[in-house]
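Biologist: I have a model open and would like to learn how to read it. Could you walk me through it, feature by feature?

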Amino acid sequence: MTRVFVDAWDPSYGASFEGGSADGDGPASPSSAQVDTDVEVPAAEWAPIDVSPSVRRPDVVFLVDGVRRNDAALWTAEEDGTSYAALAASYAAGVVRCDLRRGAAELVGWHISRGLFTASPSIEDMRAGSVLYEVHRIHGTGEASKLPAAVQPNLTALEIEISAKARQTGSDGADLLVVDGPLRNRRQLPRTIGYVKTQQKQYLPAALTTVVTSLRPGQRTPVFHLGTVWGGWSWYLRLPGASGAPWSGIVRVECSPDLSADEAIELAEISGATLPRFASSAYKDPRAPQNLVPIAGLERRLRGLLGDARVLHRALTQATAATR
């Protein structure tokens, strides 16, 4: 008989895995990346790994995340008769510092920015009420559909900046930084892992995927190496509170390719001893258990700091009317 599970992840967010079959078998879209699965143990010996009692858990964990919002879509009317799409966006990044010895968490850094993203050669910074949207000119024709993606590099730069500042003032060096999402160009940050909670690609062969789906809460897979554009060491981990479906509660964790294999394995062990304690509960979070409790709180705080979207949209409407 076919087993059926209800994923705790709220369907309005998509799914905790994407591209898989309807019964929750996980991501079905294969990755073209070259994968080395003989890093920690030979592929033939792959099996779930428990947290070692000798792992030294960090005293301090920093979690960084960012949020962005499209405030308004705009169009320009150039003097030569051409027109360009523009996007007014707000974005913010923040860092939560979790002191595991005291059981306390606090927001230790945050920053908000506004931008006007467009390929228009003539548009200038726009003030909407008390808010200034600075122009970020993009290359190419600037199709409207591509403008939201242009915000991400600026948000990533914010995350790197505030992460570095938070560590300068709030850590003795025995810490761990958790980035919500893939590391990408944040891989230069020390003692840092990327936390990928939505699985879109199938990186492992079928024989090793069964190791992922057999993980118990708190267990991880061996470390493997991804030969993607960004590259890096990676492993899968199952969080507590999952529904029992094959891919429920599974996250993929990664670290910088600049590290040695031994350093990557050490971070994998630390992640297994650290991340499960931050797992969310279904009755509190629609993206449980993958949306870590400090990250969820940080996202709510940052969205509040972005301000009222309706007020900003009205102010932008008035500001653009003034240009006419």
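Modeller: Gladly! Keep in mind that this is a predicted model. Let's begin with how the chain is connected in space: residues 24 or more positions apart account for 64% of the contacts in the protein chain that have a separation of 6 or more.

Biologist: Which helices and strands should I look for, and how many are there?

Modeller: The protein chain holds five helices and 11 strands. Its radius of gyration is 22 Å, and the globule rule gives 20 Å for 324 residues; the two are close, so the chain is as compact as a globular protein of that length. Along its principal axes, the C-alpha trace spans about 70 × 45 × 40 Å.

Biologist: What share of the residues is buried?

Modeller: A residue counts as buried when its relative accessible area is under 20%. By that cut-off, 48% of the 324 residues in the protein chain are buried. The accessible surface comes to about 15800 Å², and carbon and sulfur atoms supply 51% of that.

Biologist: And the charges? How far apart are the mean positions of the positive and negative ones?

Modeller: There are 33 positive and 36 negative charges in the protein chain, and their mean positions are 6 Å apart.

Biologist: Let me turn to the cysteines. How many disulfides does a search of the whole structure find?

Modeller: Zero. Two cysteines are still worth a look for burial. Cys98 has a relative accessible area of 4%, so it is under the 20% limit and buried. Cys255 is buried as well, at 1% relative accessibility.

Biologist: Can we practise on single residues? Where is Val96 found, and is it buried or exposed?

Modeller: Val96 is found in strand S3, residues 85–99. With a relative accessible area of 9%, Val96 is buried. Beyond its neighbours within four places in sequence, Val96 is in contact with Val61, Phe62, Leu63, Ala105, Glu106, Pro294 and Leu298. For a pair that is apart both in sequence and in space, take Val96 and Glu134: 38 residues along the chain and 27 Å from C-alpha to C-alpha.

Biologist: What about a loop residue, say Ala119: where does it sit?

Modeller: Ala119 is in the loop between strand S4 (104–118) and strand S5 (126–128). A loop residue can be checked for burial just like any other, and Ala119 is buried because its relative accessible area of 14% is under 20%. Its C-alpha atom is 5.0 Å from that of Ile138, which is 19 residues away along the chain. Ile138 is also one of the contacts of Ala119 outside its sequence neighbours; the others are Tyr84, Ala85, Gly140, Thr141 and Gly142.

Biologist: Which residues does Thr320 contact, leaving aside its neighbours within four places?

Modeller: Leu74 and Met126. Thr320 lies in helix H5, residues 309–323, and is buried at a relative accessible area of 18%.

Biologist: Now the backbone. What should I expect of phi and of peptide bonds in general?

Modeller: Most residues other than glycine have a negative phi, and most peptide bonds are trans. Here are two places to compare with that. Phi of Arg191 is near 50 degrees, a positive value in a residue other than glycine. And a cis peptide bond joins Ala288 and Pro289, with omega at about -5 degrees. Pro289 is found in the loop between helix H3 (261–274) and helix H4 (293–305).

Biologist: And where is the place of Arg191?

Modeller: In the loop between strand S7 (175–180) and strand S8 (192–196). Arg191 counts as partly exposed, at 35% relative accessibility. Gly181 is in the loop between S7 and S8 too, but Gly181 counts as buried, at 13%. Outside its sequence neighbours, Gly181 touches Arg186, Gly194, Tyr195 and Val196. The C-alpha atoms of Gly181 and Lys197 are separated by 7.3 Å, with their positions 16 residues apart along the chain.

Biologist: One last case: is Arg216 buried or exposed?

Modeller: Exposed, at 51% relative accessibility. Arg216 is in the loop between helix H2 (206–213) and strand S9 (224–227). Apart from residues up to four places away, Arg216 touches Asp50 and Arg238. The C-alpha atoms of Arg216 and Arg238 are 6.4 Å apart, although the two are 22 residues apart along the chain.

How values were computed:
Residues numbered from 1 in each chain as written. Predicted model: local features only at pLDDT ≥ 70, side-chain atom pairs only at ≥ 80, totals over all residues. Heavy atoms only, no water. Helix = DSSP H or I, 4+ residues; strand = E, 2+ residues; numbered from the N terminus. Rg over C-alpha atoms; globule rule 2.2 N^0.38 Å. Buried < 20%, exposed > 50% of the residue type's maximum accessible area, 1.4 Å probe, protein only. Contact = heavy atoms within 4.5 Å. Areas by Shrake-Rupley, 256 points an atom, 1.4 Å probe, with all protein chains shown as cover. Lys, Arg positive; Asp, Glu negative; His and termini not counted. Charge placed at Lys NZ, Arg CZ, Asp CG, Glu CD. Disulfide = S-S within 2.5 Å.
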